[in-house]
Amino acid sequence: QVQLVESGGGLVQAGGSLRLSCMASGRFFSTYTMGWFRQAPGKEREFVAAISVNGYNTYYADSVKGRFTISRDNAKNTVYLQMNSLKPEDAAVYYCNGVTSYGSRQPRGDWGQGTQVTVSS
């Protein structure tokens, strides 16, 4: 079982940047493909990005491709999401989670508390 704590959210102007972090506890972190997801008010939670176990391979939702970058540090049990060129439609609560397998967009475990990202226009 992996427990997750997200941080780094905040208020940013459109066009700005934020870097989210997700620290995981539990000895299986380094064996999981990890992902970021987000949920805007009134909308379902959606996939954003994921990264392979070794960190060499990534994939993204079309809506964030070219603007967001996912990375991980297995020594620190942490996965990151660098968000550039933020748009108002990126505003949401952001969550990390394992995904069921590389290439999947399905979360695999319990959710953390998330971190709020607000983008002003």
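How many of the six residues of strand β8 (residues 78–83) are buried? In this predicted model, the count is five of six, so that β8 is mostly covered. The strand makes a convenient starting point for a walk through the structure.

Strand β8 has partners in β3 and in β7. Strand β3 (residues 18–25) runs antiparallel to β8, and six bridges join the two. Within this pairing, S21 has Y80 of β8 as its bridge partner. Strand β7 (residues 68–73) is likewise antiparallel to β8 and is joined to it by six bridges; here the bridge partner of I70 is L81. The connection between β7 and β8 is a hairpin with four residues between the strands. N77 is found in this loop, and its phi is positive, near 50 degrees, in a residue other than glycine. As a point of reference, most residues other than glycine have a negative phi.

Beyond the other end of β8, the chain enters the loop that leads to β9 (92–98), and N84 is located there. N84 counts as partly exposed because its relative accessibility is 29%, which falls between the 20% and 50% limits. Its contacts, leaving aside residues up to four places away in sequence, are with G16, S17, R67 and F68. With S17 there is also a side-chain polar contact of 2.9 Å. R67 is 17 residues from N84 in sequence, yet their C-alpha atoms are 5.2 Å apart. S85 belongs to the loop between β8 and β9 as well. Its phi is near 50 degrees, another positive value in a residue other than glycine. S85 is classed as partly exposed because its relative accessibility is 41%.

A further loop residue, T33, is placed between β3 and β4 (34–39). Is T33 buried or exposed? T33 is buried, because its relative accessible area is 7%, and the limit for that class is under 20%. The residues that T33 touches, not counting those up to four places away in sequence, include A50, I51, S52 and V53, together with Y59 and R72. Also among them are N97, G98, V99, S101 and Y102.

Strand β10 (residues 115–120) offers a clear view of side-chain alternation. T115, V117 and V119 point to one face and are buried, whereas Q116, T118 and S120 point to the other face and are not buried. Such a pattern is familiar, because in a regular strand the side chains alternate between the two faces of the sheet. Strand β2 (residues 10–13) pairs with β10 in the parallel sense over four bridges, and in β10 the residue opposite L11 is T118. The pairing of β9 with β10 is antiparallel and has three bridges, with Y94 standing opposite T115 of β10. T115 is thus seen on the buried face of β10, while T118 is on the face that is not buried.

Finally, attention may turn to the empty space in the model. The largest pocket holds about 170 Å³ of space. Its lining consists of 13 residues, and those closest to the centre are R38, A40, K43, E46 and E89. Which classes of residue make up the lining of the largest pocket? Eight of the lining residues are charged, three are nonpolar and two are polar.

Conventions:
Residues are numbered from 1 along each chain as its sequence is written. This is a predicted model: local features need pLDDT of at least 70, side-chain atom pairs count only at pLDDT 80 or more; totals for chains, interfaces and linings use all residues. Side-chain values use heavy atoms; hydrogens and water are left out. On a 1 Å grid over the protein atoms alone, a cavity is a set of points where a 1.4 Å probe fits but cannot get out, and a pocket is an open set with protein on both sides within 12 Å along at least five of seven lines; lining residues have an atom within 4 Å of a point. Grid points are joined across faces, edges and corners, and a volume is the space filled by probe spheres set on the points. Ala, Val, Leu, Ile, Met, Phe, Trp, Tyr, Cys and Pro count as nonpolar, Asp, Glu, Lys and Arg as charged, and the others, Gly among them, as polar. Buried means under 20% relative accessible area, exposed over 50%, partly exposed in between (1.4 Å probe, protein chains only). Two strands pair if DSSP finds at least two bridges between them. Contact means heavy atoms within 4.5 Å. A polar contact is a pair of N or O atoms within 3.5 Å; within protein, one must be able to donate a hydrogen and the other to accept it, and residues adjacent in sequence count only if both atoms are side-chain atoms.
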